[in-house]
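Dear colleague,

I am passing on to you the structure shown here, together with some notes on its strands and how they pair. Please read the notes with the sequence and the 3D view side by side.

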Amino acid sequence: MSLRPESATKVFAAPLDWTATPAEGEPENPWRIALEATGAGVWDWDLRTGVQHHSKRWEELLGYDGTAHLEGGYREFINLVHPDDMPALQAALGACLDGSTPGFQQDVRLRHRNGAWIWIASRATVVERDAAGKPLRLIGSHTDITERKQAQMAVQDTENRWRLALESTGDGVWDWHIQSGAEYFSKRLMEIYGFGEGEMANLAEEIDGRTHPDDLAQMLKDRQAHFDGLTATYSNEHRVRCKDGTWKWVLSRGMLISRDAEGRPLRMIGTHTDISDRKASEVLIWQQAFFDTLTGLPNRRMFRDRLEQEIKHCRRDAQQLAILFIDLDHFKEVNDTLGHDNGDLLLVEAGRRIQACLRELDTVARMGGDEFTVILTEVNDGRRLEPTLQKILRALERVFQLGNEQVFVSASIGVTLYPSDAQEIDGLFKNADQALYVAKGAGRNRYSFFTPSLQEAAQTRARLAADLRHGLLEHQFRVVYQPIVELATGAVHKAEALIRWLHPTRGLVSPAHFIPIAESSGLIVEIGEWVFQRAARQVQTWRERLHPDFQVSVNKSPAQFQHDGEGRPSWGSQLAAMGLPGRSIVVEITEGLLLDTSRRVTDHLMALSDAGIEVSLDDFGTGYSSLSYLQKFDIDFIKIDQSFVRHLVADSTDLALCKAIILMAHELGIKVVAEGVETAQQRDLLTEAGCDYAQGYLFSRPLSAPEFEACLANRRFLPVT
């Protein structure tokens, strides 16, 4: 909109002449008296004629004392405006005239009669419009704000000098207006993080949002402490993500410079200092003090410190831990024949292989030479160490490729337990060293426990492992079947296949004893395949004799998922070759398997689903799986662990848990099997809760196939109620 007076149309009554002296007997205009009492000059602009009247005070602001007058009204006013202020003035006045804003207000510079520029706060409102809403008349005021503007500019000039002084040190400057969230970032601050001018919005969250998640909580805590008056200044070291995605360490310092009447922080200024080089130096010094320079593993000092901490945890939580001393067999020969450089390569790779056999919460260190040490935490049963020990031995006996040379070494491992063997670090080290000596003396490439009872048990399990392979060849294993009863109808169209080992001298060996050994030795793959093939042949027979939809559940160890598919046809293809649908077999897995995010496990589960083989989650509620895994993988059944069923009575916590599991499973489209049902009360409570299936000694113990068929024919799986 043009602001020139020529744009006005239609003549209307002339506005009040604020400069005119009232006629004799005519009262003084009270509004003019009130306004001019504030020191403001008044103006009245008729948009139809372009004529603008202004008060005497208006002229006095510009240095006209009555002997000289301003002529030309609004045209004269436009000519007095500083050229740099014209665009903002036109925009503000245009917004007022077109109704975008309720009134007009703008600070502008006007040329004084003496040639100087003074600051004027110009304010106005539309007081008359025509029938179409077009503005016809504005009344406004001018107030001299030169002193205030000069004071503001002086403050700004001072701030600019301080900012320049701070930035000359290489720091970046920030100026945060806390209540509005606006924050000024200096050019140097943006350069620290790789940004150019205009690439970051002037908002506090721009930098806060780039703070490293691990550092954010402490940064906010330190800032709040300053807000609360607990610290004279704010200071914090944290990482900030740069434009290129890298992290930079900075020291952020600042101070509140104003609060409101209630003490709330209003404004804070400060700096960012790049301390990345210092942090890198600190890390290097720490690395050299506590880590082996060759392998990058913790050194003796760090290992001892971590062991002290783990022992404290064990004392507090009544836990056990194991110390492993690992010595590379024949390492001296490698050093002597291939040189120290190749020896170093072997040590680095050996450390990597040992670390790959452990959990994240365990610790492996290099003590010096070819000796490594390990802390295994949360060892509640010494027997469960053996799979890890076997894994380390197998990892270290694989070929080492050292440049063009291939080298074979092995390892000897000494094992001791805290607190059963010793309760002090030096005693544990002595015991582990003695056990290592025994392992080397027994022929190397083996492990030895310091505790005599554990050593004897380990030898027994070693003999059992040898007997396992022989047992497969000699047909010492049997498959038995436990019925799974449909609770709503009492029908039996499902059974679980279970393996039994009839040892020629030991008698019946519990699966709880030989399955872990089979898993640690790798024989579980061959044993599991044998069980599946017999179960598949049996379900084929029972689909012909008993029911066309009969299903047999087969347990599959996590170790089988890691090794399946190595030259053997899949279970799905074997069922198809027999003319059986995939759903004739249900594969039972444990919750822990779902936590294995490896591609091999995921692919195997997907292959089972593609083949139509249903999956059952065994011992549900005792593991650590997340409910999200039930949605991620196609789980068809969950089996409530017998620990929830064993003490099942009315109004019990176990019953509440069972009901919750059943309800959750049904909401996800999953059916539920209860294990370990031994009483009619347990069966009835589960039936009332909506459980789909149950198995346990109330119905039958595991039976051979002929016994199973005979009991089913005689309806002996249904106890009399």
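Strand β3, which covers residues 104-111, and strand β4, which covers residues 117-129, run antiparallel and are joined by 8 bridges; within this pairing, Gln-106 stands opposite Ser-122 of β4. Please keep in mind that this is a predicted model. The two strands β3 and β4 form a hairpin with 5 residues between them, and in its turn Gly-115 has a positive phi of about 95°.

On the way to the next strand, β4 takes part in another hairpin, this one with β5, where again 5 residues lie between the strands and where Gly-133 in the turn has a positive phi of about 90°. Here 9 bridges join β4 to β5 (residues 135-144), the two strands running antiparallel, and Ile-120 is found opposite Asp-144 in β5.

Further along the chain there is an open sheet of 5 strands, whose order is β12-β13-β11-β16-β17 and whose pairing is mixed. Its edges are formed by β12 (363-368) and β17 (446-449), each of which pairs on one side only. On average, and ignoring direction, neighbouring strands of this sheet are turned by 20° against each other.

Starting from the β12 edge, 5 bridges connect β12 with β13 (residues 371-376) in an antiparallel arrangement, and Ala-365 has Thr-373 of β13 as its bridge partner. Helix α12, made up of residues 340-356, packs on the sheet and touches β11 (321-329), β12 and β13, while its direction makes about 15° with that of β13.

Which residues lie on the two faces of β16, and are they buried or exposed? On one side are Ser-410, Ser-412, Gly-414, Thr-416 and Tyr-418, on the other Ala-411, Ile-413, Val-415 and Leu-417, and all of them are buried, so that both faces of the strand are covered. This agrees with the count for the strand (residues 410-418), in which 9 of 9 residues are buried.

As for its partners, β16 is joined to β11 by 9 bridges, with the strands antiparallel, and Ile-323 has Thr-416 in β16 as its bridge partner. Towards the other edge, 4 bridges join β16 to β17, and these two strands run parallel; Ser-412 stands opposite Arg-446 in β17. Between β16 and β17 the chain crosses through helix α14 (residues 425-441), and this β-α-β crossover is left-handed.

With best wishes

Methods: Residues are numbered from 1 along each chain as its sequence is written. This is a predicted model: local features need pLDDT of at least 70, side-chain atom pairs count only at pLDDT 80 or more; totals for chains, interfaces and linings use all residues. Side-chain values use heavy atoms; hydrogens and water are left out. Two strands pair if DSSP finds at least two bridges between them. Axes are lines fitted to C-alpha atoms, for helices over the stretch in contact, and angles run from 0 to 180 degrees between N-to-C directions. Contact means heavy atoms within 4.5 Å. Buried means under 20% relative accessible area, exposed over 50%, partly exposed in between (1.4 Å probe, protein chains only). A crossover is right-handed if, with the strands pointing away from the viewer, the path from the first strand over the helix to the second runs clockwise.
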